[in-house]
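The following exercises are to be worked with the sequence and the coordinates at hand. Each task is followed by a solution in steps.

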Amino acid sequence: MGIEVVVEGLTKSFGKQNIWQDVTLTLPAGEVSVMLGPSGTGKTVFLKSLIGLLKPEKGRVLINGVDMVNSPERDIYETRKLFGLMFQDGALFGSMSLFDNIAFPLREHTRKKESEIRRIVMERVDMVGLLGAEEKLPGEISGGMRKRAGLARALVLDPQIILCDEPDSGLDPVRTAFISQLLIDLNAQIDATMLIVTHNLDIAATVPDNMGMLFRRNLVTFGPREVLLTSEEPVVAQFLSGRREGPIGMSEEKDAASLALEQLNSPQSGASSPRRIPPQLEPSPGLPARQAVLRRKLRVMDMLDQLPPAARRAIERGMAPAREAAP
């Protein structure tokens with residue numbers, strides 16, 4: 001099973017530029033979470049901070065008792081082996097075959113024999129649907145195949161936490177749908193804790209158990225997917241609907257004068273009918289059920305009374321068929 005990731009009061013700046021501040025959230029063990037946000041809100045920086053590649057100025061990231069911000073470097077290095085990281089562009093070595101790219105972490109970090117390495121690599125190649133392409137170079141395959149090869153490489157060390165940085169970037173809607181299903185299928189097979197950074201609404205609405213959003217140097221919200229998908233918070237509603245009206249502008253955020261003028265000219269722009277929550281993707285036929293589903297249900301039922309009414313209704317509607325089917 002995956003490992004819980006506890007983030008407490010995380011603050012990151014580059015020089016005088018504050019990227020985000022006081023971010024606090026918990027990635028539940030074995031569940032799939034998504035972090036949304038407009039371009040330039042520091043989502044990738046957040047991923048790199050979780051794995052200890054960037055050092056926030058304040059806060060903690062606790063994994064199995066190790067703080068990825070403040071613990072000794074040797075402890076951070078060892079804990080980093082629990083992670084698999086899927087980079088935005090696949091980050092493959094152009095002169096190596098897909099097989100050698102995927103085998104690289106095993107050859108670098110383990111003393112396994114080549115026969116064992118081949119077995120593990122081919123299992124992961126099969127898992128991401130690349131059988132038959134393992135001897136090709138990255139330049140000989142499509143962007144979607146490079147993404148899947150990058151994901152296979154992230155999986156070879158049997159990670160308990162998987163971080164995916166914009167797995168949809170550069171992909172058409174059909175390939176994005178395939179990647180979305182692949183991520184759910186992987187979670188069903190290995191029960192790892194997963195965090196996906198994206199601004200793709202199709203992935204955000206159909207893949208995760210939990211959702212968060214970064215904006216204006218703050219974590220707007222993080223929790224069960226129904227909380228964000230029913231939120232009337234102006235920045236969330238604008239982002240989910242893709243409207244121009246709202247706090248998000250071309251330079252990330254609009255000034256107060258622009259917002260006031262917008263509201264004056266379009267007083268009805270904030271009104272919207274309740275959003276329909278699409279069903280979450282299920283594993284492909286033949287795969288096991290996701291173990292995270294039952295754990296999440298128990299966890300969410302415990303917090304139901306603390307959630308906003310719209311989210312509570314959405315959760316109850318989503319669980320109604322299961323309750324009716326129960327003896």
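A residue is called buried under 20% relative accessible area, exposed over 50%, and partly exposed in between. The model treated here is predicted.

**Exercise 1. Classify Gly 143 by its accessibility and locate this residue in the fold.**

Step 1. Gly 143 belongs to helix H5.

Step 2. The relative accessible area of Gly 143 is 30%. Because this value falls between the cut-offs of 20% and 50%, Gly 143 is partly exposed.

Step 3. A distance across the sequence completes the picture: the C-alpha atoms of Gly 143 and Arg 175 are separated by 9.2 Å, with the two residues 32 apart along the chain.

**Exercise 2. Describe the chain as a whole through its secondary structure, burial, contacts and surface.**

Step 1. Count the elements: the protein chain has 12 helices and 12 strands.

Step 2. Consider burial: of the 327 residues, 50% are buried.

Step 3. Take the contacts between residues at least 6 apart in sequence; 66% of these join residues at least 24 apart.

Step 4. Turn to the surface: the accessible area is about 16000 Å², and carbon and sulfur atoms account for 53% of this area.

**Exercise 3. Establish the surroundings of Thr 198: is this residue buried or exposed, and which partners does its side chain have?**

Step 1. Thr 198 sits in the loop that runs between strand S8 (193–197) and helix H7 (201–206).

Step 2. Its relative accessibility is 0%, and therefore Thr 198 counts as buried.

Step 3. The side chain of Thr 198 makes a polar contact of 2.8 Å with the side chain of Asp 168. The side chain of Thr 198 also reaches a backbone atom, the nitrogen of Asn 200, at 2.8 Å.

Step 4. Leaving aside residues up to four places away in sequence, Thr 198 touches Val 34, Met 35, Leu 36, Gly 37, Lys 43, Glu 166, Asp 168 and Ile 203. Asp 168 thus appears both as a polar partner and in this list of touching residues.

**Exercise 4. Examine how helices H1 and H3 are covered.**

Step 1. Helix H1 spans residues 43–50 and is mostly covered, since six of its eight residues are buried.

Step 2. The buried residues of H1 are Lys 43, Val 45, Phe 46, Leu 47, Ser 49 and Leu 50. Lys 43 is also one of the residues that Thr 198 touches.

Step 3. After H1 comes Gly 52, with a positive phi near 85°.

Step 4. In H3, the buried residues are Leu 98, Phe 99, Asn 101, Ile 102, Ala 103, Pro 105 and Leu 106. Their cover includes helix H4 (114–127) and H5.

**Exercise 5. Compare the backbone and the accessibility of Asp 158 and Asp 191.**

Step 1. Most residues other than glycine have a negative phi.

Step 2. Asp 158 has a positive phi near 50°, and Asp 191 has a positive phi of about 55°.

Step 3. Locate each residue. Asp 158 is in the loop between H5 and strand S7 (161–165), while Asp 191 is in the loop between helix H6 (173–190) and S8.

Step 4. Apply the cut-offs. Asp 158 is exposed because its relative accessible area is 53%, whereas Asp 191, at 5%, counts as buried.

**Exercise 6. Characterise the largest pocket and the second largest pocket: which residues lie nearest the centre of each?**

Step 1. The space in the largest pocket is about 720 Å³. Its lining has 24 residues, and those nearest the centre are Arg 225, Gln 280, Val 293, Arg 296 and Gly 318.

Step 2. Helices H8 (225–229), H11 (291–303) and H12 (309–325) each give at least two residues to this lining. H12 provides the largest share, with six residues.

Step 3. By class, the lining of the largest pocket holds 11 nonpolar, three polar and 10 charged residues.

Step 4. The second largest pocket holds about 560 Å³ of space. Of its 18 lining residues, Phe 83, Leu 85, Phe 87, Pro 105 and His 109 lie nearest the centre. Two or more lining residues come from each of helix H2 (73–80), strand S6 (83–86), helix H3 (98–109) and helix H5 (143–155).

Step 5. The lining of the second largest pocket consists of 12 nonpolar, three polar and three charged residues. Pro 105, named among those nearest its centre, is also one of the buried residues of H3.

Note on methods: Residues are numbered from 1 along each chain as its sequence is written. This is a predicted model: local features need pLDDT of at least 70, side-chain atom pairs count only at pLDDT 80 or more; totals for chains, interfaces and linings use all residues. Side-chain values use heavy atoms; hydrogens and water are left out. Helices (H or I, at least four residues) and strands (E, at least two) are DSSP runs, numbered from the N terminus. Buried means under 20% relative accessible area, exposed over 50%, partly exposed in between (1.4 Å probe, protein chains only). Contact means heavy atoms within 4.5 Å. Accessible areas come from the Shrake-Rupley method with a 1.4 Å probe; for residues, only the protein chains shown count as cover. A polar contact is a pair of N or O atoms within 3.5 Å; within protein, one must be able to donate a hydrogen and the other to accept it, and residues adjacent in sequence count only if both atoms are side-chain atoms. On a 1 Å grid over the protein atoms alone, a cavity is a set of points where a 1.4 Å probe fits but cannot get out, and a pocket is an open set with protein on both sides within 12 Å along at least five of seven lines; lining residues have an atom within 4 Å of a point. Grid points are joined across faces, edges and corners, and a volume is the space filled by probe spheres set on the points. Ala, Val, Leu, Ile, Met, Phe, Trp, Tyr, Cys and Pro count as nonpolar, Asp, Glu, Lys and Arg as charged, and the others, Gly among them, as polar.
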